[in-house]
Amino acid sequence: MESTNFSTWLKDMELNHPLVIAGPCSAETEEQVLNIAHQLKETDATIFRAGIWKPRTRPGNFEGNGVKALPWLVKVKEETGLLTTIEVANAQHAKLALEFDIDIIWIGARTTVNPFAVQEIADALQGTDKIVLVKNPINPDLELWIGAIERLHAVGIKNLGAIHRGFSSFKKTKYRNTPQWQIPIDLKNRFPTLPIICDPSHICGERERILEVSQTALDLKFEGLMIETHFDPDNAWSDAKQQITPSRLKTITEELKVRKGRVVEKDSLKKLTSLRKEINVLDKNLIDLLTERMDVVENIGRVKKDGNVAILQRSRWQDVINKVVDMGEQNGLSSEFIEKIFKSIHQESIEHQNRIVNS
Ligand code: PEP
Ligand code: MN
């Protein structure tokens, strides 16, 4: 896929900060929409978001105002100059978004999982030069995310971008949707010019850690943020726990550190080069040590084969893990980290011994 014009559009905006898309989870009333939009004029936000068709997990919740809310967004643009963006989930929504001249269209996580729905939307949008952003599918499937982007690209939509909103997981975690940063990083590696916006609101599910997740996104070179914003978050009709006020958004963007993409100062560059050399030597030492360790493991395997002894000696393994976790903690390394590394070393060792015992 060739470079997307959305990245050129972003450059042309000449923002001295990352792109900020903000606005309520749902467009509730005309007054609510306009009130928030006017408050956002005092922040770094340049694009106003609002959901008008809301995909709710369970029925019986507010499902959006639908078409009725589209003129409210037109008013937002007229009164504030902010660009507008909404989520579309089918061809009819897409046609209405075009009809009301919404600037940016996004496809939600629950729609990206469905190639039929994405194709239908792509066909409805064919020929548009609007920006289309594709949220990741709710499940951690990079190919499905790419597939949706490709369907839009295939009908000639050039202004494409992605939104990372985290992935749902059965296991309870501290996130509403776990970020699994490696997945958007892989997307970036596959399509280096495709801008990716991070949506910390749906990743966190609660407002307290939005700053922290936004900072991680910027450190990973995401091009922008989409943050749910409401003048009265606690009384929002959807996603109340994760919304923040426009004034909180202002403090967050002020606190965010935008680090340089590469090192420019000569002095830092020299220091970095020398430290990187040190890392290279240490990495080589690590590999040498792992190889040496594996030689010993294989010798143990030979002894086990001769003595007809089972490979896994549970109490010995428990001993090893306890000792290394202790040593690691004394050196400031977390037990989770040490356990992960040693479990993986142990797995590789079992495979080597297995080959020897069964040869
Ligand atoms: C939203 O942005 O309000 C929304 C419904 O998001 P997602 O598709 O990421 O769940
Ligand atoms: Mn929401």
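Contact is taken here to mean heavy atoms within 4.5 Å. The structure is a predicted model, in which local features need pLDDT of at least 70 and side-chain atom pairs count only at pLDDT 80 or more, whereas totals for chains, interfaces and linings use all residues. Residues are numbered from 1 along each chain as its sequence is written, chains are lettered from A and ligands numbered from 1 in the order in which they are written, and side-chain values use heavy atoms, with hydrogens and water left out.

The secondary structure of the chain amounts to 14 helices and 8 strands; helices (H or I, at least four residues) and strands (E, at least two) are DSSP runs, numbered from the N terminus. Along the principal axes, the C-alpha atoms fill a box of roughly 80 × 50 × 40 Å. The chain has 359 residues, of which 45% count as buried. Buried denotes under 20% relative accessible area, exposed over 50%, and partly exposed the range in between (1.4 Å probe, protein chains only). Among contacts between residues at least 6 apart in sequence, 72% join residues at least 24 apart.

The manganese ion (ligand 2) has as its protein donors Cys25 (SG), His202 (NE2), Glu228 (OE) and Asp239 (OD), at 2.1 to 2.4 Å from the ion. Donors are N, O and S atoms within 2.8 Å of the metal (3.2 Å for Na, K and Ca); water is not among the atoms, so sites may look incomplete. The spacing of the donor residues in sequence is C-x176-H-x25-E-x10-D. Since His202 belongs to helix α9 (residues 200-204) and Glu228 to strand β8 (residues 224-228), the pair ties together parts that are 26 residues apart in sequence. Both His202 and Glu228 are buried.

Three of these donor residues, Cys25, His202 and Glu228, also appear around ligand 1. The other residues around ligand 1 are Arg49, Lys54, Glu87, Trp106, Gly108, Ala109, Arg110, Lys135 and Arg165; a residue is near a molecule or strand if one of its heavy atoms lies within 4 Å of it. In the side chain of Lys54, an N or O atom is 2.8 Å from an oxygen atom of ligand 1. A polar backbone atom of Ala109 is 2.9 Å from an oxygen atom of the ligand, and for the side chain of His202 the distance from an N or O atom to a ligand oxygen is 3.4 Å.

Strand β8 also contains Leu225, which is buried, with a relative accessible area of 0%. Between Leu225 and Ile21 the C-alpha distance is 6.1 Å, although the two are 204 residues apart in sequence. Beyond its neighbours within four places in sequence, Leu225 is in contact with Leu19, Val20, Ile21, Ile197, Cys198, Ser214, Ala217 and Leu256. In helix α2 (residues 30-40), the buried residues include Gln32, Val33, Leu34, Ile36, Ala37 and Leu40. The cover over the buried residues of α2 includes β1 (19-23), β2 (47-49), α3 (70-80) and α11 (246-255).

The structure holds 4 aromatic pairs. In Phe6 and Trp9 the ring centres are 5.5 Å apart and the planes stand at 35°, so this pair is tilted. Rings of Phe, Tyr and Trp (its six-membered ring) pair if their centres lie within 6.5 Å; planes under 30 degrees apart count as stacked, over 60 as edge-to-face and the rest as tilted. Phe6 and Trp9 both lie in helix α1 (residues 5-13), 3 residues apart, about one turn of the helix. Phe6 counts as buried at 1% relative accessibility, while Trp9, at 24%, counts as partly exposed. Trp181 and Phe222 form an edge-to-face pair, because their planes are at 85°, with ring centres 5.6 Å apart. Trp181 lies in the loop between β6 (160-164) and α8 (182-190) and Phe222 in the loop between α10 (210-219) and β8, so the pair ties together parts 41 residues apart in sequence. Trp181 is buried at 17% relative accessibility, as is Phe222 at 9%.

Thr178 is likewise found in the loop between β6 and α8 and counts as buried at 12% relative accessibility. Apart from neighbours within four places in sequence, Thr178 is in contact with Gly166, Phe167, Ser169 and Thr173. Ser349, in helix α14 (residues 335-357), is buried at 6% relative accessibility. With the same exclusion of sequence neighbours, Ser349 is in contact with Arg293, Met294 and Val297.

Note on methods. Polar contact = N/O pair within 3.5 Å; in protein donor to acceptor, adjacent residues only side chain to side chain.
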